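Here are a few exercises to help you find your way around. Try each task on the structure first, then walk through the solution.

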Amino acid sequence: MSNELITPDYIFESSWEVCNKVGGIYTVLSSRAKTLQEAFPDHIIFIGPDFWKEQECPYFREEKALLAEWQWMAKEGNADYGLPGLKVRVGRWTVPGEPIAILVDFNPYFEKKNEIYGWLWENYGVDSLHAYGDYDEASMFSYAAGLVVESFYRFVNTPSLKVVYHANEWMCGLGALYINNKVPEIATVFTTHATSIGRSIAGNQKPLYDYLFAYNGDQMADELNMQSKHSIEKQTAHHVDCFTTVSDITANECVELLDKKVDVVLPNGFDDSFVPKTQAFSRKRKLARRKMLQVANALLGENLDDDTIIVSTSGRYEFRNKGIDVFVEAMNRLLRDRNLKKKVLAFIVVPGWVGEPRQDLKERIDSGQTFDTPLEVPQVTHWLHNMGHDNVLNMMKFYDMHNRHEDKVKVVFLPCYLDGKDGILNLNYYDVILGNDLCIYPSYYEPWGYTPLEAVAFKVPCITTDLAGFGLWANKEFGHSGELEDGVKVIHRTDYNYSEVADNIKDTVSAFSSMTQKQVDACRKKASELSKKALWSQFIKYYYEAYDIALRKAASRL
């Protein structure tokens with residue numbers, strides 16, 4: 001590490017997704033953990049919510065001997081500083097690097113909720129009056145996380161100790177403001193992975209980009225009923241020592257919607273220890289393809305062979321923001337494309353409001369037989385609770401996409417988290433990615449874009465857009481707009497060119513179907529090479545810069 005940068009003695013990092021796999025931030029933190037644990041052995045400590053009452057947390061291993069003296073003191077409380085007793089469990093996050101994780105029970109603070117919100121309003125002007133949904137839960141966790149950090153700092157009680165507290169997303173803002181106020185010796189870093197108001201504007205079908213300069217974040221928060229989340233996010237951004245986000249595109253959004261310029265951009269890296277090595281790689285790829293084709297054939301009553309092009313899109317179920325609508329549109333247009341040389345099997349791997357795995361499909365798969373008639377509703381692998389109101393199924397129905405025998409393009413909706421136990425495919429997400437020939441992520445709103453980065457790390461070429469942070473980064477690396485031959489095709493996307501984007505995807509898949517094996521191999525190699533430039537080992541320097549900025553500011557305050 002360079003001599004000029006001040007490095008912390010301890011880093012505490014909190015997120016709702018520590019030891020809690022619900023979204024992309026889990027991947028950011030869990031894949032970065034190994035790099036930080038190697039640089040700061042057992043001095044990087046993650047704090048997550050402990051709501052694992054009945055069942056055991058699958059991502060956490062408790063170790064009572066870890067930080068044992070502090071644990072005892074934390075549970076007793078600290079009368080000198082008015083700190084209450086805390087309900088914590090200390091152990092290891094079972095991801096590469098196995099860093100220390102502290103899970104904190106935040107339920108005891110609900111009874112003090114109004115008092116906490118009152119304090120927040122008086123000290124920082126945060127409006128919690130309009131809170132609903134997950135705001136209370138996140139805020140009570142965030143408050144508890146702040147208490148954990150303060151308790152540890154008081155316990156160690158070394159004035160020269162350099163400590164950084166890193167809060168992720170609006171959900172951890174309250175804790176960052178608490179530390180800022182109660183323990184000003186601790187340096188604070190705040191990362192917004194997407195502004196809550198930007199995501200909301202985009203998700204509400206409003207044009208975000210052309211009009212960004214004219215939006216007033218506070219006014220939009222009132223209009224879209226987002227006052228509380230926007231308020232905590234904005235005040236945290238303005239009061240922490242170092243404010244960060246994950247891409248240049250979101251940095252623009254922060255200036256316009258939060259009225260605050262970021263101090264550093266922290267792009268999301270990848271840890272390639274997840275990627276299987278040579279022999280295991282081909283074996284797993286073959287297995288994934290066989291399994292995906294087997295499920296599709298049983299559902300559709302087809303006999304699609306290994307020459308079929310398998311494509312997919314995945315991510316959170318944000319129909320417009322993640323470009324799922326454009327994906328369906330493109331596949332519909334591909335049905336009538338005269339230049340398509342091979343059959344295409346397209347999967348939409350997005351967790352919906354899933355009911356149970358289809359028994360009729362499971363019986364067909366288990367029988368090992370082949371079938372020449374489709375099952376009813378041959379578009380979906382699991383029953384949904386809201387079949388009549390599901391966006392994907394409704395759009396396919398509107399376009400009369402019924403996966404008929406004569407159709408060269410078949411679209412299958414896999415509406416569940418792929419954890420290897422979904423009851424139909426029974427493979428985890430990374431194994432499924434391996435089986436693809438091409439991945440497509442035509443996002444409209446995507447601060448960074450983990451899905452395309454994961455795809456290229458598994459040597460799968462992909463299509464994304466320049467409204468995704470990753471797409472912009474890829475263009476920068478290439479020195480031009482990414483083409484399929486570069487391993488990543490980056491499509492230009494605006495507020496209004498939906499139809500062109502769909503055509504562009506259709507044409508790209510069609511062109512891919514004409515590529516020779518040699519061209520495909522070259523394309524896969526390029527995808528893999530690009531992913532090497534996005535490893536955490538390349539990106540961690542930006543974090544060290546953020547810690548340095550925060551520590552200097554904290555030092556000047558004292």
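**Exercise 1: two sides of a helix**

Find out which residues of helix 13 (residues 391-398) are buried, and where they sit around the axis.

Step 1. The buried ones are Val 392, Leu 393, Met 395 and Met 396; buried means under 20% relative accessible area, exposed over 50%, partly exposed in between (1.4 Å probe, protein chains only). Helices (H or I, at least four residues) and strands (E, at least two) are DSSP runs, numbered from the N terminus.

Step 2. These four cover an arc of only 165° around the axis, so they are on the same side of helix 13. The arc is that of the directions from the helix axis to the C-beta atoms. An α-helix has 3.6 residues a turn, so residues three or four places apart point the same way.

Step 3. Now flip to the face turned away from the buried side: there you meet the exposed residues Lys 397 and Phe 398.

Step 4. Look at what the buried residues pack against: helix 11 (324-334), strand 11 (344-349), strand 13 (382-384), strand 14 (409-414) and helix 17 (498-513). Contact here means heavy atoms within 4.5 Å.

Step 5. Check the ends. At the N-terminal one, Asp 390 acts as a cap, with a side-chain oxygen 3.1 Å from the backbone nitrogen of Val 392. After helix 13 comes Asp 400, with a positive phi near 60°.

A word on the ground rules: this is a predicted model, where local features need pLDDT of at least 70 and side-chain atom pairs count only at pLDDT 80 or more, while totals for chains, interfaces and linings use all residues. Residues are numbered from 1 along each chain as its sequence is written, and side-chain values use heavy atoms, with hydrogens and water left out.

**Exercise 2: a sheet and its helices**

Work out the order of the nine strands in the open sheet.

Step 1. The order reads 3-4-5-2-1-6-7-8-9, with mixed pairing; two strands pair if DSSP finds at least two bridges between them.

Step 2. Strand 3 (60-62) and strand 9 (264-265) each have a single partner strand, so they stand at the edges.

Step 3. Zoom in on strand 2 (residues 44-49) and strand 5 (residues 100-104): they run parallel, joined by five bridges. Gly 48 has Leu 103 of strand 5 as its bridge partner.

Step 4. Add helix 4 (residues 135-156), which packs on the sheet and touches several strands, including strand 1 (10-14) and strand 6 (163-168). Its direction makes about 145° with that of strand 2. Axes are lines fitted to C-alpha atoms, for helices over the stretch in contact, and angles run from 0 to 180 degrees between N-to-C directions.

**Exercise 3: a buried tryptophan**

Where does Trp 448 lie, and which residues is it in contact with beyond its neighbours within four places in sequence?

Step 1. Trp 448 is in the loop between strand 15 and helix 15, and its 4% relative accessibility is why it counts as buried.

Step 2. Its contacts beyond those neighbours are Val 246, Ser 247, Pro 267, Asn 268, Leu 453, Ala 468, Gly 469, Phe 470, Trp 473 and Phe 539.

Step 3. Compare sequence with space: Trp 448 and Ala 194 are 254 residues apart along the chain, yet their C-alpha atoms are separated by 8.7 Å.

Key: Polar contact = N/O pair within 3.5 Å; in protein donor to acceptor, adjacent residues only side chain to side chain.
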